[in-house]
Amino acid sequence: MKKLFLSALCALCMAACASEGAFYKPQAQIMPQHIKKVAIRPILNKTEIFAMEDKLYIRLYDEFLKNGSYQVVNENNGAEGIIVTTITRYLNVPIQYDSQLIPTVYKMDVWLDVVLMDKATNAPVWREPAFLGTQTYSASTLPGGLTEQQARERIWEKLSKDIVKRTVDGFGSVMSESKKKVMQNPQYTTITQ
């Protein structure tokens with residue numbers, strides 16, 4: 001009798017857990033209530049690739065405007081939160097070659113250090129020290145291939161969406177690489193570090 005009761009109770013518990021809507025959802029990290037307007041500082045570029053930061057800035061600005069959750073203003077014009085972005089690393093390497101050893105496929109990685117600063121307290125609300133954007137693409141000489149600039153544009157699109165999502169949806173919505181993993185991995189060592 002006891003076994004029958006215990007198995008019925010166990011089956012009832014499993015049925016309750018299997019029902020729709022029974023899943024783990026962590027508490028969202030909400031932005032401080034006083035932040036309604038954000039400013040985007042000009043992006044710093046610590047790599048040797050010239051003028052990448054301008055394209056990323058424009059894409060990030062447009063993405064915040066499209067989202068509409070926060071008003072985008074000038075830093076000196078009432079901004080309560082400030083997005084500070086630094087391009088820390090850029091790596092574009094061939095990963096596949098044809099029979100004449102001409103590169104046919106490339107892998108591009110771009111690392112950002114992104115911080116949302118609370119202007120009132122001058123403290124970070126959140127920080128992602130190793131935001132990674134990756135694009136694998138065929139050489140532009142092949143059908144459907146991309147140029148390096150086109151591959152960069154795709155990375156800017158992904159990274160800007162991730163930064164906006166991280167700002168609006170909070171912690172856990174997107175994640176960066178481990179800074180320690182990136183800095184200690186010889187595979188990531190480049191002249192643009």
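Buried means under 20% relative accessible area, exposed means over 50%, and partly exposed is what falls in between (1.4 Å probe, protein chains only). I start with that because I lean on these words in nearly every entry below.

**Ground rules**

I am looking at a predicted model, where local features need pLDDT of at least 70, side-chain atom pairs count only at pLDDT 80 or more, and totals for chains, interfaces and linings use all residues. Residues are numbered from 1 along each chain as its sequence is written, and side-chain values use heavy atoms, with hydrogens and water left out. My helices (H or I, at least four residues) and strands (E, at least two) are DSSP runs, numbered from the N terminus.

**Entry: helix 2**

I began with helix 2, residues 52-67. I checked its length against the expected span, 1.5 Å times one less than the number of residues. For its 16 residues that gives 22 Å, and the end C-alpha atoms sit 23 Å apart, so the two agree.

Which residues of helix 2 are buried? I noted Met52, Glu53, Leu56, Leu60, Glu63 and Phe64. They cover an arc of only 95° around the axis, so they sit on the same side of helix 2. I took that arc from the directions from the helix axis to the C-beta atoms. Ile58 and Lys66 are exposed on the other side of helix 2.

Next I asked what covers those buried residues of helix 2. The cover includes strand 1, strand 2, strand 3, strand 4, strand 5 and helix 3, with contact meaning heavy atoms within 4.5 Å.

I also looked just past the end of helix 2, where Gly68 has a positive phi of about 75°.

**Entry: salt bridges**

Side chains of opposite charge can pair when their charged atoms come close. I count a salt bridge when a side-chain nitrogen of Lys or Arg is within 4 Å of a carboxyl oxygen of Asp or Glu. How many turn up by this rule? I get nine salt bridges, and I followed up some of them.

Arg59 and Glu153 meet in one, at 4.0 Å from N to O. Arg59 is in helix 2 and Glu153 in helix 3 (residues 148-169), so this pair ties together parts that are 94 residues apart in sequence. Arg59 is partly exposed at 27% relative accessible area, and Glu153 is partly exposed at 26%.

Glu128 and Arg166 form another, at 2.9 Å from N to O. This pair also links distant parts of the chain, with Glu128 in strand 6 (residues 123-138) and Arg166 in helix 3, 38 residues apart. Are these two residues buried or exposed? Both Glu128 and Arg166 are buried.

Arg152 and Glu148 make a salt bridge too, with their closest N and O atoms 3.3 Å apart. Both lie in helix 3, four residues apart, which is about one turn of the helix. Arg152 is buried at 11% relative accessible area, whereas Glu148 is partly exposed at 32%.

**Entry: positive phi**

Most residues other than glycine have a negative phi. I therefore wrote down two residues with a positive value that are not glycine, Ala51 with phi near 65° and Asn122 with phi near 55°.

Where are they? Ala51 is in the loop between strand 2 (44-45) and helix 2, and it is partly exposed at 27% relative accessibility. Asn122 is in the loop between strand 5 (103-118) and strand 6, and it is exposed, with a relative accessible area of 60%.**Entry: aromatic rings**

I pair rings of Phe, Tyr and Trp (its six-membered ring) if their centres lie within 6.5 Å; planes under 30 degrees apart count as stacked, over 60 as edge-to-face and the rest as tilted. The structure holds two aromatic pairs. I looked at Tyr106 and Tyr137, whose ring centres are 5.5 Å apart with planes at 20°, so the pair is stacked. Tyr106 is in strand 5 and Tyr137 in strand 6, 31 residues apart. Tyr137 is buried at 5% relative accessibility.

**Entry: strand 1 and its partners**

I call two strands paired if DSSP finds at least two bridges between them. Strand 1 (residues 37-40) runs parallel to strand 3 (residues 71-72), joined by two bridges, and Lys37 stands opposite Gln71 in strand 3. Strand 1 also runs parallel to strand 4 (residues 81-97), joined by three bridges. There I found Val38 opposite Gly81 in strand 4.
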